[in-house]
Amino acid sequence: MVSCAIFNSLEIAVDAQWEGIVSYYQDPNSRDPWVNCIDHPNHERCRSSQYEEGQSEKAEVFGSGTIREMVIEEPCNYASNIAYYRGALRICEYDQWSGGESNIATRNALKRSFMALGSGSAFMHGSQTKLGRAFDVVPIAAIAYTSYESLITAIGGYENTFLRCLGKSHCATAEEVARRTAFLSLNHDVGKWEQELKNIKGSFPAKYDQTFAAIIVIAAYISFPDVIADLVLDNLRDAFDGSSFMTFLFDEFLPEVKPLIDEVYLGVLEFMEQSDLASRFIGSLGKLGYAFLFQEEFLDLDLSDKNLMRGTSSAFIVNGFADLMTGGDGFPFPDNFGLYPGSENCNPKSSHALWHQQSAEGLSDLNLMVDYIVSVIEKNKASQKDDGSLCAFDDTCKSGSCQWWVGKSFYACGDEPCWNDG
């Protein structure tokens, strides 16, 4: 993990994030206090959590007797965020990035955002402060935005401000957003984090549910024939019926982006390549879909300890099959306990802790699926022929035109040059 974080001072920034969190606990902002819920269990902050663990008076002391001692309101929901560091590690270890080593900006942005999410979400669940919540939301949005920017660039939509910024009039690059978020702790005292996070959030399309949905729209139409993609998106619309971002997605975004998707040249894909596109899509969304079963904000399920134990055990099976579909080895872990310290105790007790573990897996898979799609688009774009090359179809030519050339007595790309006199 250190080797993953050491590049560009990220390791120092992550440690500074934790130092800032401890500093905030020890000298809390009176307008947004981090309440000691062991000493003050009846304080409104100790009973206002939307998560079950935060409503059950389970606060614990972490780091007892050290300079980093803190009272954590939701112990399991706090500790389980270590899973997001594993997501960053997957980004570091993946060796098949589109563009090879030159694609450093996307890789760095994802790595930085995952590591910031590990700290930010822990801050939120440990403190139930507004600052913690802000530090939780921005990295998630940055992860979504990084993959979206990569995908919209690949299909030729980067110069379209509406598409690139998802309806905003202007937006920063994903690399800039991730850098400002990850290095927030090095550039600003914790007392200034709230304003800086607000500034960052205003600089890009930060509604991550909308961004993830936009990714799914593009990926579906590239991975499947239109008739299947339409079916997938109809189910997506039904699942989030009434959401404002769905109205934007289908009424404004889709009519603008679909012509670009239709122009994407994929050539005659090899059978395995086409299968990979479809299976990676299904596997990645399968992991994320399973994660949402344990996210209280989306599905308010009454999960008993017995059902949580079953969910934890089943996650191993779901992830194993999903890994086989996304190009992994399948069933990479001997069990599903051990992806973060304390998981064997927390997953069967806290649905949100299991959400953290499962969403870390699903988010990293989604990012790698997007990169695979980008690599397929780039590969096929590079295979398009120059003017004068023999062809059979317009879209096999860089010029988009395959015409009959008298001099070749066959079809060739581009316009045939005029013959010399005589």
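1. Four disulfides are present in the structure, that is, 4 in the complete model. The model is a predicted one, and the points below should be read with that in mind. In general terms, a disulfide is a covalent bond that connects the sulfur atoms of two cysteines.

2. The pair Cys76 and Cys346 forms a disulfide in which the sulfur atoms lie 2.1 Å apart. The torsion about this S-S bond is about -75 degrees, so the link between Cys76 and Cys346 is left-handed. Distant parts of the chain are joined here: Cys76 belongs to helix 3 (residues 75-79) and Cys346 to helix 16 (residues 343-346), with their positions 270 residues apart in numbering. Cys76 and Cys346 are both buried.

3. Cys391 is bonded to Cys402 in a disulfide, with an S to S distance of 2.0 Å. The angle about the S-S bond is 100 degrees, and the link of Cys391 and Cys402 is right-handed. Cys391 sits in the loop between helix 17 and strand 3 (402-405), whereas Cys402 is part of strand 3 itself; the two are 11 residues apart. Both cysteines, Cys391 and Cys402, are buried.

4. Cys397 and Cys413 are likewise joined by a disulfide, S to S 2.0 Å. The torsion about the S-S bond of Cys397 and Cys413 is about -75 degrees, so this disulfide is left-handed. Cys397 lies in the loop between helix 17 and strand 3, and its partner Cys413 in strand 4 (residues 410-413), 16 residues apart. Cys397 is buried, as is Cys413.

5. Cys418 has a relative accessible area of 77%. The cut-off for an exposed residue is over 50%, and Cys418 is therefore exposed.

6. A helix pair also deserves comment. The axes of helix 4 (residues 82-93) and helix 17 (residues 351-382) come within 8 Å of each other and cross at roughly 20 degrees. Angles under 35 degrees count as roughly parallel, and helix 4 and helix 17 are therefore roughly parallel to each other. Their crossing is right-handed.

7. On the side of helix 4, the contact is made by Ala83, Tyr84, Arg86, Gly87, Arg90 and Ile91. Helix 17 contributes residues including Trp355, His356, Gln357, Glu361, Leu363, Asp365 and Leu368. Sorted by class, the contact of helix 4 with helix 17 comprises 7 nonpolar, 6 polar and 4 charged residues.

Notes. Residues numbered from 1 in each chain as written. Predicted model: local features only at pLDDT ≥ 70, side-chain atom pairs only at ≥ 80, totals over all residues. Heavy atoms only, no water. Axes fitted to C-alpha atoms, helices over the stretch in contact; angles between N-to-C directions. Helix = DSSP H or I, 4+ residues; strand = E, 2+ residues; numbered from the N terminus. Parallel < 35°, antiparallel > 145°, perpendicular 65-115°, else oblique. Left-handed = near helix turned anticlockwise from the far one by under 90°. Contact = heavy atoms within 4.5 Å. Nonpolar A, V, L, I, M, F, W, Y, C, P; charged D, E, K, R; others polar. Disulfide = S-S within 2.5 Å. Buried < 20%, exposed > 50% of the residue type's maximum accessible area, 1.4 Å probe, protein only.
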